[in-house]
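Colleague: I'd like a close look at one part of this predicted model. Let me pull it up, then I'll say which bit I mean.

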Amino acid sequence: MFRMLGRQLTKKQNQLETTEDTHGFPIEIFSDIEKNINNIRKILESPSDLTTRIFTIGNTEHRCAIVCIDGLVDSRLVNDKIIKNIQLGITSSKKSVPSSAEDILTELENGVLSSGEIKKANTLDDVMLAVLSGDTALFIQGTDQVILIGSKGWATRSVDEPNTEALVRGPRDGFTENLRTNTTHIRRHIRDPNLRFETFTVGRRSKKDLVLTYIDGIANPDMVGEVKRRIKTIDLDDVPESGFIEQWIEDSFLSPFPTLSPTERPDKVSAAITQGKVGILLDGTPFALIAPITFGNLLQSPEDYYERWWVGTFLRVLRYLGAFLAVFLPGLYISLVSYHPGMIPSKLAFSIAAAREGVPFPAVIEALLMITVLELLREAGIRLPKPIGQTIGIVGGLVIGEAAVSAGIVSPVMVIVVALTAICSFAVPSYSLAITFRILIYGMMFLAAGFGLFGLILGYIMINIHMVNLKSFGIPYSTPFAPSFYADWKDLIIRAPIMMLGKRPIMMQVDDEERMRKGGKS
Amino acid sequence: MKSFEYGDGEIGSREILYAVSSVVIGVGIFTLPRTVGSATMGSDGWVSILLGGLVALLFAWIVAKLASRFPRQTFLEYTATLVSRPVAIVLTLLLAIHLMQFTAYEMRVVANISKIYLFDRTPVEVIGLLFLLVVVYAVANSSVGLLRLNLLFLPIVLFAAILLLLMNIGYFEPENLKPVFSTKWTGYIQGAKETVFAFLGFEILLIYIAMANQPEKVPKAAVIGMSIPILLYSFVFIMVVGVFGRTAMIQLVDPTIEIAKEVEVPGQFFERFESLFFTIWIMTIFNTASLSFGASVIAIRSVFPKIKRIWLVFILTPIIYLSGMAPPNLIRNFEVGTWIGYSGVVFAMLIPAILLGIAKVRGIKGNA
């Protein structure tokens with residue numbers, strides 16, 4: 001394998017007629033267009049989607065060539081706006097036809113090419129990167145300058161409603177795989193001249209664009225600096241999804257809790273950056289990242305703000321309850337049934353005991369069994385084609401549950417507990433937090449099985465210890481509970497009326513604290 | 001990295017306030033009605049509690065005043081400037097040992113009571129070990145984290161306590177409070193002495209105030225933090241007397257948990273409130289244990305700065321565990337508790353008062 005690679009390299013070295021960089025790729029651009037095109041062909045080994053075309057400029061003697069990748073470029077733009085204009089443009093202008101290659105280049109750049117995005121390059125490396133990202137390169141005989149024309153235009157998914165974060169009320173648009181569309185979404189939400197899009201290139205091979213977005217003058221500059229520093233350390237071959245970024249720059253890879261929040265919703269990212277956070281968008285994925293985040297943020301949903309504050313508050317309280325039950329409910333059931341049956345009201349205790357009559361397993365085995373089945377169902381449900389997915393929900397949830405109960409493997413109370421836990425974990429708006437909870441459930445079940453309520457409270461304490469020590473880009477995860485910022489509590493478990501949320505969160509230590517004037521415009 | 005000012009190793013005065021309350025509210029409340037009730041007549045114990053509370057309040061203020069006089073200086077550093085370095089080293093190490101013993105005692109009491117009220121088959125040694133391991137997990141992480149946990153747990157604990165008081169109102173019989181003011185003054189003093197033991201623990205401030213970013217606000221925070229347990233304990237005492245009457249109360253080992261037993265949750269949502277109450281109370285006992293363990297780790301590291309925090313924690317853990325499990329039975333453990341109370345008086349009251357006196361007389365101040 002290595003020998004083969006080596007042989008290919010030597011082959012290339014023999015054929016290419018130029019100086020080379022360390023990878024064995026030529027770096028120089030010649031004034032002879034055919035040589036250049038041959039070089040490009042050889043580097044890429046003449047793939048079928050490489051389009052090269054040599055033609056003469058207008059009615060002059062000069063020849064030029066365009067190079068682009070079919071499929072990455074908007075072919076109508078290349079034909080109508082580039083080739084056609086070059087062929088006709090110089091002739092139609094009434095000025096005298098320039099004679100030197102440099103003059104033609106300037107003339108083309110200034111007068112002929114009707115494209116908004118034009119750059120010049122003079123190394124083959126730059127040209128290759130541009131061509132491979134969907135630009136069109138224009139070589140002109142007699143000069144080693146290359147014009148790069150922005151012509152990106154490939155098939156993309158249209159803007160859809162985000163699947164994983166559907167809302168009853170709120171904007172229906174979601175991010176797509178196209179980075180430009182995504183930045184446009186944010187620009188359309190925030191027309192602030194201080195909105196910043198900083199571009200980084202990540203991936204040794206994939207060379208993907210990554211955009212860091214924040215509002216200059218709101219976001220804490222130290223925090224932004226830290227995010228940039230961490231992004232710059234990314235050294236991966238390929239970055240297929242923002243999850244790679246998340247895992248590379250997160251604070252603790254040991255923690256089960258997410259310290260960056262992925263989202264498909266532009267309104268969520270916009271709201272976050274107006275609070276002094278930063279957004280990270282990656283080309284090729286609809287999932288943007290928000291950082292830094294705290295535990296409280298993960299239990300918030302954009303809808304809390306879109307509905308009236310009573311509704312928002314009610315939903316928040318409900319979600320905190322749901323989050324608690326999603327982690328502790330099976331553990332509570334196990335500890336009550338196995339250790340403290342006295343705590344259950346006697347009538348209920350009798351009916352639980354009657355229902356458990358004939359169940360061969362202790363409560364903990366029963367719970368582990370059912371929770372694992374539930375997890376399997378969820379995992380299977382994702383894989384299955386959509387029409388079948390619903391069927392499996394019914395088959396799995398109803399049929400297996402019912403059959404397991406009547407077969408006497410589990411008690412009906414256990415089925416209720418597991419179903420409630422599942423419902424509660426779906427009430428958590430952040431999918432990544434919900435997954436964390438699904439892992440923690442197991443820990444809590446084992447603690448409850450071993451030590452009852454004592455084990456559970458120790459589990460609760462341990463989760464809290466972990467959260468006060470975990471940080472997301474310098475912010476303790478448990479902020480604003482501890483360290484406590486009571487002013488931020490207005491937008492934590494309760495969601496105070498919009499008029500009362502006049503200050504940006506204190507915990508973000510923003511530059512511009514005022515969000516609005518008390519009492520509105522006078 | 002240090003992006004946010006509050007993300008680093010500093011604490012505000014609010015953390016101090018919560019820490020004082022959390023460290024003082026601990027296992028003392030379970031037995032307090034019995035010990036105070038035995039010394040006083042009728043319902044007069046509350047006078048003793050307030051009296052003892054005032055003493056504790058005064059000394060908490062002295063401790064805070066002393067430590068905040070030397071901003072950002074460790075106990076070792078300012079003691080060294082006051083009473084020479086060798087003496088300071090001895091004092092620091094003794095304080096560390098006292099705090100370790102305190103941790104061990106808390107662990108043992110948790111294990112004992114859990115065995116009584118939560119499960120009877122699991123051995124005390126296992127329960128204690130599990131509790132200690134969770135404390136170790138907290139202490140092995142940052143000190144700031146320890147102080148922040150108070151902010152998370154104390155509100156829940158106070159809520160449970162208020163719930164306990166409210167739900168017992170139905171069983172409260174004013175008859176039980178009589179006779180009033182029939183105790184001799186020696187009885188009040190005796191009761192107050194018992195109370196002072198229950199209010200100890202604020203000596204951890206000697207260590208933690210070094211982390212405070214606004215030392216001038218600390219004395220006020222310490223006083224407010226101290227008054228929360230004083231008020232709580234007084235109310236609990238009155239409620240326990242009102243429910244059981246003095247005669248029954250002094251026969252019960254843990255009267256405060258026993259009144260939780262009396263509670264009937266409205267709607268019979270669940271029964272045996274005392275199990276739930278004690279479970280929640282474990283949070284504040286955890287805070288007490290972890291704060292004092294953490295303080296002893298900081299104290300020892302100020303003398304031996306080369307030992308890594310995590311190694312020190314691992315070295316101290318077996319010592320704490322063994323000394324906590326050493327007393328063979330409940331009675332002996334209460335004796336140990338009394339001795340820890342005495343050493344607490346020395347470290348929380350005597351030494352800080354002397355040190356503050358020296359500092360005042362010689363006019364020594366830390367460079368703020």
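What covers the buried residues of H5(A)?

Modeller: Let's start with the helix itself. H5 of chain A spans residues 124–132, and its buried residues are A:Leu124, A:Val127, A:Met128, A:Ala130 and A:Val131. Look down the axis of H5(A) and those buried residues fall within an arc of 165°, so they line one face of the helix. The general background is that an α-helix has 3.6 residues a turn, so residues three or four places apart point the same way.

As for the cover, it includes one helix, H2 (33–44), along with strands S2 (63–69), S3 (118–121), S4 (136–140) and S5 (146–149), which belong to chain A as well. Just after H5(A) comes A:Gly134, with a positive phi of about 110°.

While you have it open, there are some buried charges elsewhere in the chain. In helix H7 (residues 221–232) of chain A, A:Glu226 and A:Arg230 sit 4 residues apart, about one turn of the helix. Their side chains form a salt bridge at 2.7 Å, N to O, and both residues are buried. That pair is also part of a salt-bridge network with A:Arg229 and A:Asp251.

Another salt bridge, 2.8 Å from N to O, joins A:Arg438 and A:Glu375. This one links distant parts of the chain: A:Arg438 is in helix H17 (residues 431–469) and A:Glu375 in helix H14 (residues 363–383), both of chain A, 63 residues apart. A:Arg438 and A:Glu375 are both buried too.

Terms used:
Residues are numbered from 1 along each chain as its sequence is written. Chains are lettered from A and ligands numbered from 1 in the order in which they are written. This is a predicted model: local features need pLDDT of at least 70, side-chain atom pairs count only at pLDDT 80 or more; totals for chains, interfaces and linings use all residues. Side-chain values use heavy atoms; hydrogens and water are left out. Buried means under 20% relative accessible area, exposed over 50%, partly exposed in between (1.4 Å probe, protein chains only). Helices (H or I, at least four residues) and strands (E, at least two) are DSSP runs, numbered from the N terminus. The arc is that of the directions from the helix axis to the C-beta atoms. Contact means heavy atoms within 4.5 Å. A salt bridge is a side-chain nitrogen of Lys or Arg within 4 Å of a carboxyl oxygen of Asp or Glu.
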